[in-house]
Amino acid sequence: MSFSIADLFTQHFDEKFDLHERHLNNQMVRVLRTIGYDRNYKKAIGQYLYDEDGNEYLDLLSGFGVFAMGRNHPTIIKALQETLTLELPSLVQMDVSLLSGLLAKEILATCPDNLEKMFFCNSGTEAVEAAIKFARYTTKRSRIVHCDHGYHGLTMGSLSLTGEHIFREGFGPLLPECTSVPFNDLAALEQALSSKDVAAFIVEPIQGKGVNIPDDNYLPEVERLCKKYGTLFVADEIQTGIGRTGKFWAIEHWGVKPDMILMAKALSGGFIPVGGVAMTTHIMDTVFNRMDRAVVHGSTFSKNNMAMAAGLSALHVVHEEKLVENSAKVGEDIIATINAMAPKYEFLKEARGKGSMIAIEFHAPKSLGLKAAWAMLEAANKGLFCQMILIPLFKEHRVLAQVAGHGMNVVKFLPPLTLTQKDRDWIVNSVEKTIADTHNVTGSIWTLGKNLAGHALKNKK
């Protein structure tokens with residue numbers, strides 16, 4: 001009997017939640033069922049998901065940003081199918097591959113001119129781990145400085161640079177000699193670097209958790225301070241890169257030249273895991289400085305042909321379809337339109353972001369009735385108001401989004417870069433209707449709020 005993935009899908013389509021409860025992370029299943037996100041998706045095209053009843057959902061999560069070109073892009077599928085049929089030698093290991101050389105050339109052409117070398121790996125967290133090792137070897141220093149509330153991954157080295165307590169709790173002791181400083185605080189950074197024992201300062205140009213945007217002078221001064229004290233400046237562009245912010249790299253908004261750029265997520269087109277580090281020739285030649293050190297750092301599957309083909313075709317789509325430009329145009333429109341709503345709605349503080357990396361922040365209202373309702377949610381669980389936005393967005397308007405981080409009243413949109421005018425209207429109309437509903441404390445949305453508060457208080461006990 002022949003093996004068929006299509007047959008497996010057909011035979012077991014209704015079993016996915018049961019399989020996960022029995023064999024994988026059953027807490028994830030509980031979360032999905034509690035908030036009403038337990039859908040059986042049957043198809044995905046571009047920025048849309050389709051459930052078993054044919055309902056269309058607008059995906060503003062995009063797999064945490066990996067589907068920047070949309071799901072199941074035909075150009076990337078064709079490249080992968082072609083790669084499979086060519087019977088190419090892959091992972092010979094005692095060899096170098098053509099496709100990885102081509103992808104390195106294409107990526108470096110988009111980077112600042114001081115970056116001339118590439119290292120490939122399988123994921124964003126592996127890129128961070130590589131940066132830690134390369135920085136330490138190059139500078140002969142051990143300390144790594146990072147920012148409060150930053151997110152750099154969940155393996156042990158990258159977790160040591162991740163500022164969210166919930167990810168770190170119970171997994172220590174973590175990597176020693178990792179120091180955090182407040183984001184966007186140049187005085188604190190200079191104090192940390194002035195000891196001249198810091199190998200690298202690793203920073204997201206825009207923080208993913210909260211979508212925190214720095215002052216205009218921050219990253220240029222970061223570059224200056226790092227040079228002054230002999231510290232490598234490492235830009236973590238794993239989420240912000242490849243068009244996400246309306247520039248190919250977010251650092252382009254500030255015109256800086258880091259010593260390393262870390263990348264992953266969108267580079268794969270969402271198909272094959274791939275990450276990378278663009279770096280100066282000095283860093284590459286220092287780490288791999290003798291023939292016997294040619295293999296001192298690597299990753300078994302990193303330069304496999306499927307991953308490299310995915311990266312090459314993904315970059316082709318970005319350029320061919322002008323997705324960076326579309327990201328800037330549509331994102332700016334959405335941010336401006338939502339900000340124009342603020343005078344009408346007390347809960348709405350602001351929309352912010354760059355390109356297709358968008359945050360909507362909420363805050364305590366001034367009206368007594370609304371203030372009391374807000375206080376009830378905050379007492380139960382800080383940031384709970386966001387769930388009162390996200391659940392109706394999903395269940396009533398079929399818009400899939402996420403919170404921007406733990407314990408904050410910020411909703412985050414990280415959509416594919418392919419959004420159309422139809423999608424723009426879908427987003428702003430759904431957001432406005434949902435925010436308007438929260439201002440009616442006797443409405444059904446506050447029934448949901450009370451239920452959420454009750455669950456939160458029960459979980460605390």
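**Group meeting talk: a surface patch, a buried serine and a mixed sheet**

Hi everyone, let's start on the outside: Phe3, Ile5, Leu8 and Phe9 make a nonpolar surface patch of about 460 Å². Please keep in mind that this is a predicted model.

One member of that patch, Phe3, sits in the segment before helix H1, which spans 5-12. Is phenylalanine 3 buried or exposed? Phenylalanine 3 counts as exposed, because its relative accessibility is 68%, and the cut-off for exposed is over 50%.

Now for a contrast. Serine 62 belongs to helix H4, residues 62-65. Serine 62 has 0% relative accessibility, so this residue counts as buried. And what is serine 62 in contact with, once we leave aside its neighbours within four places in sequence? The partners are Phe67, Arg71, Arg244, Leu414, Pro415 and Pro416.

Let's move on to the sheet. Seven strands form an open sheet with mixed pairing, and their order is E4-E10-E9-E8-E7-E5-E6. At the edges we find strand E4 (117-121) and strand E6 (178-181), each of which pairs on one side only. From one strand to the next, the twist averages 20°.

Two helices to look for here. Helix H10, residues 186-193, packs on the sheet and touches strand E5 (143-147), E6 and strand E7 (198-203); the direction of H10 makes about 170° with that of E5. Helix H11, residues 218-229, also packs on the sheet, touching E5, E7 and strand E8 (232-236). For H11, the angle with the direction of E8 is about 145°.

I'd like to spend a moment on E5. This strand is mostly covered, with five of its five residues buried. Which way do they point? Arg143, Val145 and Cys147 go one way, while Ile144 and His146 go the other way. That fits a general pattern: in a regular strand, side chains alternate between the two faces of the sheet.

E5 has parallel partners on E7, over three bridges, and on E6, over four bridges. Isoleucine 144 is a handy landmark: this residue stands opposite alanine 200 in E7 and opposite cysteine 178 in E6.

For the antiparallel part, look at strand E9 (residues 260-263) and strand E10 (residues 275-279), which are joined by four bridges. One pair to find there is isoleucine 261 with its bridge partner in E10, alanine 278.

That's my tour, thanks for listening!

How values were computed. Residues are numbered from 1 along each chain as its sequence is written. This is a predicted model: local features need pLDDT of at least 70, side-chain atom pairs count only at pLDDT 80 or more; totals for chains, interfaces and linings use all residues. Side-chain values use heavy atoms; hydrogens and water are left out. Patches are made of residues with over 30% relative accessible area and no salt bridge: like charges are joined within 9 Å, nonpolar side chains (Val, Leu, Ile, Met, Phe, Trp, Tyr) within 5 Å. Accessible areas come from the Shrake-Rupley method with a 1.4 Å probe; for residues, only the protein chains shown count as cover. A salt bridge is a side-chain nitrogen of Lys or Arg within 4 Å of a carboxyl oxygen of Asp or Glu. Buried means under 20% relative accessible area, exposed over 50%, partly exposed in between (1.4 Å probe, protein chains only). Contact means heavy atoms within 4.5 Å. Two strands pair if DSSP finds at least two bridges between them. Axes are lines fitted to C-alpha atoms, for helices over the stretch in contact, and angles run from 0 to 180 degrees between N-to-C directions.
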